[in-house]
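Subject: The two-chain model

Hi,

Here is the structure I promised to pass on. Have a look at it first, and then read my notes below.

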Amino acid sequence: MRSDVFSVLMDPAVLFFLLGLMAAAVRSNLEMPAQISKFISLYLLMSIGIKGGVALSVSGIQPEILTGLGIALLMAFLVPAYTYPLLRLRTDGYNAAAVAATYGSVSAVTFIAVGQFLDNQGVAHGGHMAVALVIMEVPAVIMAVLLAAMTRSIDEKRKGRDSASHNTHSEFSIKGILHESFTDGSIVLLMGSLFIGFLVGVDGYQTIKPFTGDLFKGLLGFFLLEMGMMVGRRFREMQVIDPFFLGFAFVIPVVNACFTLALSHWAGLSDGDAVMLATLAASASYIVVPAVVRAAIPEANPGIYFTMALALTFPFNVIIGIPLYFHLLNYF
Amino acid sequence: MRSLEPKKLLTLITAHAIKGIVIEKLKSRQVGGYTMVDATGVGAFGVQSGALDSDSNVLIYVILSEARLNVLLADFDELMNRSYRVKVIVTDVMILPRKKPSVTSAG
């Protein structure tokens, strides 16, 4: 069952990702229309949501599911809590809060990639992991906004200004953040699809399986081609990055994954669920969180948090991280 | 025939993620009409490829009088003081207004 982890590189989806990187590196004019890319990302979310819901309808709500979701929620709070003070050693409160939020949250595409990897390895994983994906989106953002607000208040006091007399707040309250996060299109589609899959079950799923099942791998490959090009272009345009952030982008995911694997092993989760959770904990958001952070923490530099998540951590996880976390199961 | 009228064209370039904030500012000043276009580009913070909403810009065009423009400029100045990244461009334009209904009918 635990076959050679380097077989991940023989997965067509990963190879298309590498092709995209190469196309960007050689400055090819290969381009995917933006609307196509957006359509495919919505399709992928719909597919994993509905498949997850169908799997849940078969397995039912087991205690192991609640344990897994509990670990997911714990990591969503823990990661920003420990990375923020670490980041403050190197940067200001706003950028530290933004990066902490990014790494405390998750990447849906990485989630899709690890699901595919486990399917290729013949390792089962729970449909409820899609719920874990959703619940891990929000806590980090809330924590980051609170930390940024604290930084803003300290800054104003340092400037000798009363923050109440100056309009120093961002445009987002906690309620606003929750609203933005939970009503984000990707979350609505994912949760809605999960619910629909749960409702219709295996029999109902057969009617749309040709669309959400048979086409999935091909469209995933096409999407990862575009992701590879995006990563490659951003990498090319990236200015010299502080070695601290470079190290952070590669080391922290592995730390988070190892901790989550240990926790999952202790809690008695299945191998598949453990790797899914570890990969979620190791991932960084570059869709939902950057959008919220741009509005809620405008002082932060997207060239740091967005570039780290997209150009560094995402490709690391897809190519090296996922097979590494799977291999680390041997040690737990 | 209608006569051309001088107006101000306000062009705003901002990230897709904060277009809601910008539009709320327009609405708060009773600016009901604007045109929005998706945009890509490159800036100080890297490429905005347009492939993801978090990686996209928008262009918002508003045509208005100088008096209303000055009020909006103050609002955007305040947003920029709060570190929101918005490019604000003002251009003088001439537009053909909507024709007012004629008072007398043809005999």
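One definition before the tour: two strands count as paired if DSSP finds at least two bridges between them. Please also keep in mind that this is a predicted model.

With that in hand, start in chain B. Strand E1 (residues 5–15) and strand E5 (residues 57–64) of chain B are paired in the antiparallel sense, with 8 bridges between them. If you want to find the register on screen, B:Thr11 sits opposite B:Tyr61 in E5(B), and B:Leu12 is opposite B:Ile60 in E5(B). Further along, B:Thr14 has B:Val58 as its bridge partner in E5(B).

B:Thr14 also has a partner in E6(B), namely B:Val86. That belongs to the pairing of E1(B) with E6(B), which is antiparallel and runs over 10 bridges. E5(B) has another pairing too: E2(B) and E5(B) are joined in the antiparallel sense over 5 bridges. There, B:Thr35 has B:Tyr61 of E5(B) as its bridge partner.

Put together, this gives an open sheet of 4 strands in chain B, ordered E2-E5-E1-E6, with antiparallel pairing. Which strands stand at the edges? They are E2 (35–39) and E6 (86–95) of chain B; each has a single partner strand, so one side of each is left without a neighbour in the sheet. On average, neighbouring strands of this sheet are turned by 20° against each other, direction ignored. As a reminder, strands of a sheet pair through backbone hydrogen bonds, either parallel or antiparallel.

Helix H2 (residues 66–81) of chain B lies across E1, E5 and E6 of chain B, and its angle to E6(B) is about 170°.

One residue just outside the sheet is worth a click. B:Leu4 lies in the segment before E1 of chain B. Is B:Leu4 buried or exposed? It has 10 C-beta neighbours inside 10 Å, so B:Leu4 counts as exposed; the cut-off for that is 12 or fewer. Leaving out residues up to four places away in sequence, B:Leu4 touches B:Met94, B:Ile95 and B:Leu96. B:Leu4 and B:Val93 are 89 residues apart along the chain, yet their C-alpha atoms are separated by 9.5 Å.

Now for chain A. Its average pLDDT is 88, and 93% of the residues score at least 70. The stretch to treat separately is residues 163–168 of chain A, where the pLDDT is below 50; beyond near neighbours in sequence, that stretch has 8 contacts in the model.

I looked at two helices in some detail. Helix H5 (residues 108–121) of chain A has 14 residues, and at 1.5 Å a residue these should span 20 Å; the end C-alpha atoms are 20 Å apart, which agrees. How many residues of H5(A) are buried? The count is 11 of the 14, so H5(A) is largely enclosed by the rest of the structure. Among them are A:Phe111, A:Gln116 and A:Phe117. Just after H5(A) comes A:Gly122, with a positive phi of about 75°.

The other is helix H7 (residues 138–158) of chain A. At 1.5 Å a residue, its 21 residues should span 30 Å, and the 31 Å between its end C-alpha atoms agrees. Its buried residues include A:Val138, A:Met143, A:Leu147 and A:Arg152. What do the buried residues of H7(A) pack against? Their partners are helix H3 (63–88), helix H4 (93–104), helix H8 (174–182) and H14 of chain A. H7(A) is followed by A:Gly160, which has a positive phi, near 80°.

Between H14 and H15 of chain A there is a loop that holds A:Pro298. A:Pro298 has 25 C-beta neighbours inside 10 Å and therefore counts as buried, the cut-off being 20 or more. From A:Pro298 to A:Phe250 it is 48 residues in sequence and 25 Å in space, C-alpha to C-alpha.

Last, the interface. Here 23 residues of chain A are in contact with 19 residues of chain B. On the chain A side, the elements giving two or more residues are helix H2 (34–59), helix H11 (216–237), helix H14 (288–296) and helix H15 (302–328) of chain A. H11(A) gives the most, with 5 residues. By class, the side of chain A that touches chain B has 11 nonpolar, 5 polar and 7 charged residues.

Cheers

Key
Residues numbered from 1 in each chain as written. Chains lettered and ligands numbered in written order. Predicted model: local features only at pLDDT ≥ 70, side-chain atom pairs only at ≥ 80, totals over all residues. Expected span 1.5 Å × (residues − 1). Contact = placed C-beta atoms within 7 Å. Nonpolar A, V, L, I, M, F, W, Y, C, P; charged D, E, K, R; others polar. Axes fitted to C-alpha atoms, helices over the stretch in contact; angles between N-to-C directions. pLDDT = per-residue confidence, 0-100.
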